[in-house]
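Student: I have a structure in front of me and a list of terms I half understand. Can we go through them together?
Tutor: Yes. Ask what each term rests on, and we will check.

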Amino acid sequence: MNRVRCLVFNAALGPLDYRVPDNMTVEYGSIVVAPLGPRQIIGIVWEEERLPTDPVPENKLRPILEVLPVPPLRPELRRLIEWTANYYCAPLTSVARMVISSGGALRGPATITEYRLSGGLPERMTPKREQAMGALEGEQATIRELAELADVSDGVLRGLVNQGVLEPVVVDCDRPYPRADDAHATVELNEQQTAVARQLAEAVQSRKFAPYLLDGVTGSGKTETYFEPMAAALRMGRQVLVLLPEIALTEAFLRRFEDRFGAPPIVWHSSLKSTERRRAWRAIASGQAQVVVGARSALFLPYANLGLIVVDEAHEISFKQDEGVRYNARDVAVMRARFEKIPVVLASATPALESLQMAESGIYERLDLPSRYGGAQLPEIRIVNLTEEPPERGRWLAPSLTRELFVRLERGEQSLLFLNRRGYAPLTLCRNCGFRFQCTNCSAWLVEHRFSKRLACHHCGHEEKPPLNCPECGEPECLVACGPGVERIADEVAEILPDARVAVATSDTLNTPEKAAEFVAQAEAKAIDVIVGTQLVTKGFHFPELTLVGVVDADLGLEGGDLRAAERTYQQVAQVAGRAGRGAKPGTVLIQTRHPEAPVIEALAAGDRDAFYDAETEARRHAGAPPFGRWAAIIVSSEDETEAREAARAIGGTAPHLQDIAILGPAPAPMALLRGRYRYRLLVNARRSAQVQDVIRDWLAKLDLPRTVRVSIDIDPYSFV
Ligand code: ADP
Ligand code: ZN
């Protein structure tokens, strides 16, 4: 090739053509540095016909400056980038950026200088130095990363370097990872597991696209089972990607993986240090990385030789990204498997209705693990009708639930209370004048957090200290907390069971992999009697001594009534119930509700999953909702309310009139103010056959809106706020 077309990392520019100097070889997928005016930009060499633009005459072409020393992006990945951009109405460059997610990985030098404490002391101790030295015990990283860890400025650390308190260490950035051994410690699978494992291993060997829904009850051993096709892929020298919905689950997975394969997998998530990121990216691109476990962003990495994808807890809504490129990793995982011609396993005890429907229609093959491993029984489920058996005034746990908690403590067994609300109380108001604390940037109440003594907005992160007097009427000591969060439930447990050791498990308390690991270790060592947690503890965890689960408010998820409210409630309660009785002792689940007659509660009580899914499927079919029809949301926002409203009206005014597409709105979004931007929303409801993306693209392209207005398109939305 002597001229090439590049996809460049600047969304404002289209594709650009360049000349290839005589002494340079490039191919499709090569990552190159090219001139743009006086600057240099990074681009990916792309097939010309797939990236149409006005051709530049030969004599105007500028030369490529450099081909970066990484393998070219494979055509399978280039097709995935195109598909994702097209399906989710996102710029190609934004999707490509998710692939090139480590700038450092593209560059040559393979060493970096990191720093660690040398054991020496500074000539003069200052509070900042002391803070840094305390925080950096056992750490080794670049100055900037250490500064972040210790929450001090770079300057403080440079001072410590000059005094020899921090010493430099030269590290090879690309040192290879330890090898996983497919035969390290094999487990004997039971009959059901063996049948499933064998079928999946054969699918890996046949190198064909094959999507599976692994539908196994909680505790059936889905992980042990999918370890076998992973081992098959390793034997073939191929890579495996495991997607998990939360970083907090990674620790438990790491341990089990290491027990089975003798070496840890490679971890990928957004809080990796830049050196870890670079090392992982390069090992993935070169093929040295064997098994990668990660959050959804791991899906777009440049695997050299992918042989299998597993999406664990595939029903989880955190696989849907709600900013930037708004994609659903579960769906994109299936597409990636299709382009790579490999199997993909969606594992869950409570599959998404969409996935079940795909299995129903024969597109996914369904594999069942219908019983718990080792003869453990599914827990007994009981409904606590709060209208008949209310908690005492100012409390949230009904007498029968507190009795059960008491019994578990007596027996030395563990309990788990589930409430999907972080903090102490979701609303604070003034007893005197009724003033309610609201976020200044969002249409949301501020949530009281007692541990950290602050009022916080869960949408934008805004925080303030709770005042002593009401800011409205000035009355002292008049603020009351309304409603419970997990911290308040923990207080209640401490009052009822003063001897119990209570742990709160939320994204506030388990916000790093280390803290999550510590929590798991404590729970396993029986150093915790009662866990009070949010959805974070509903899945993945396996505590054999946990025999009681209490669902504090099963009605909470049904409020707001979005499309998936009932499904989500079913999944959360069934998953958290699945934490009970996983060992030798049977489990009991108490579900507190004011609506025992709601179909989802009845189905949970009866343990009748099929009845729930059947009813839900019919409701969705009737409403033309996914998977029978499709939704898309168009959110129009601006810092200026009038501007947002007018832009939304302009969009609504030019809405196309089509047979198979209905457009609702514009209307103020339920979150009418979010992070300081006023928001209006249009909803598009289409038949499955409609070309929704094309329609939306054509429609919006005709409008000329002020630059201060942001229009985001959410295809197959999960969030309706
Ligand atoms: P799931 O993911 O389906 O909820 P897990 O994979 O966590 O189930 O398995 C539940 C528990 O049973 C785990 O402690 C796991 O190690 C154990 N287990 C499952 N299958 C086997 C097996 N074949 N041999 C030994 N232990 C097993
Ligand atoms: Zn806010």
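Student: Where is Asp529 found?
Tutor: Asp529 sits in the loop that joins helix 14 (513-524) to strand 23 (530-533). Keep in mind that this is a predicted model.

Student: Why is Asp529 called buried?
Tutor: Its relative accessible area is 10%. Buried means under 20%. The value is under the cut-off, so Asp529 counts as buried.

Student: What does Asp529 touch, not counting residues up to four places away in sequence?
Tutor: Asp529 touches Leu409, Glu413, Gln414, Ser415, Asp499, Ala500 and Arg501.

Student: What makes the pair of Asp529 and Arg501 a polar contact?
Tutor: A polar atom of the Asp529 side chain lies 2.8 Å from the backbone nitrogen of Arg501. The cut-off is 3.5 Å for a pair of N or O atoms. The distance is within it, so the pair fits on distance.

Student: Why is Pro596 called partly exposed?
Tutor: Pro596 has 25% relative accessibility. Buried is under 20% and exposed is over 50%. The value falls in between, so Pro596 counts as partly exposed.

Student: Where is Pro596, and which residues does Pro596 touch?
Tutor: Pro596 is in the loop between strand 25 (588-593) and helix 16 (599-606). Leaving out residues up to four places away in sequence, Pro596 touches Ile383, Asn385, Ile601 and Glu602. Its C-alpha atom is 38 Å from that of Val344, 252 residues apart along the chain.

Student: What is the strand order in the open sheet of six strands?
Tutor: The order is 15-25-24-16-23-22, with parallel pairing.

Student: What makes strand 15 (380-385) and strand 22 (502-505) edge strands?
Tutor: Each pairs on one side only. From one strand to the next, the twist averages 20°.

Student: How do you know that strand 16 and strand 24 pair?
Tutor: Count the bridges. Strand 16 (residues 414-418) and strand 24 (residues 546-551) share five, in the parallel sense. Pairing needs at least two bridges, so these strands qualify. One bridge partner of this kind is Leu546 in strand 24, opposite Gln414.

Student: Which helices lie across strand 15 and strand 25?
Tutor: Helix 16 lies across both, at about 140° to strand 15. Helix 15 (residues 565-577) lies across strand 15, strand 16, strand 24 and strand 25, at about 155° to strand 24.

Student: What makes strand 26 mostly covered?
Tutor: In strand 26 (residues 629-638), 10 of its 10 residues are buried. Both faces are covered. Trp631 and Ile635 are among the residues on one side, and Ile634 and Val636 are among those on the other.

Student: How do you know that strand 26 pairs with strand 28 and strand 29?
Tutor: Strand 26 and strand 28 (residues 677-687) run antiparallel, joined by 10 bridges. Six bridges link strand 26 to strand 29 (residues 710-715), also antiparallel. At least two are needed, so both pairings count. Ile635 stands opposite Arg681 in strand 28, and the bridge partner of Val636 in strand 29 is Val711.

Student: How do you know that Arg582 makes a polar contact with ligand 1?
Tutor: A side-chain N or O atom of Arg582 is 3.2 Å from an oxygen atom of ligand 1. The cut-off is 3.5 Å, so this is a polar contact. The protein covers 82% of the 560 Å² of accessible area that ligand 1 has on its own.

Conventions. Residues are numbered from 1 along each chain as its sequence is written. Chains are lettered from A and ligands numbered from 1 in the order in which they are written. This is a predicted model: local features need pLDDT of at least 70, side-chain atom pairs count only at pLDDT 80 or more; totals for chains, interfaces and linings use all residues. Side-chain values use heavy atoms; hydrogens and water are left out. Helices (H or I, at least four residues) and strands (E, at least two) are DSSP runs, numbered from the N terminus. Buried means under 20% relative accessible area, exposed over 50%, partly exposed in between (1.4 Å probe, protein chains only). Contact means heavy atoms within 4.5 Å. Axes are lines fitted to C-alpha atoms, for helices over the stretch in contact, and angles run from 0 to 180 degrees between N-to-C directions. A polar contact is a pair of N or O atoms within 3.5 Å; within protein, one must be able to donate a hydrogen and the other to accept it, and residues adjacent in sequence count only if both atoms are side-chain atoms. Accessible areas come from the Shrake-Rupley method with a 1.4 Å probe; for residues, only the protein chains shown count as cover.
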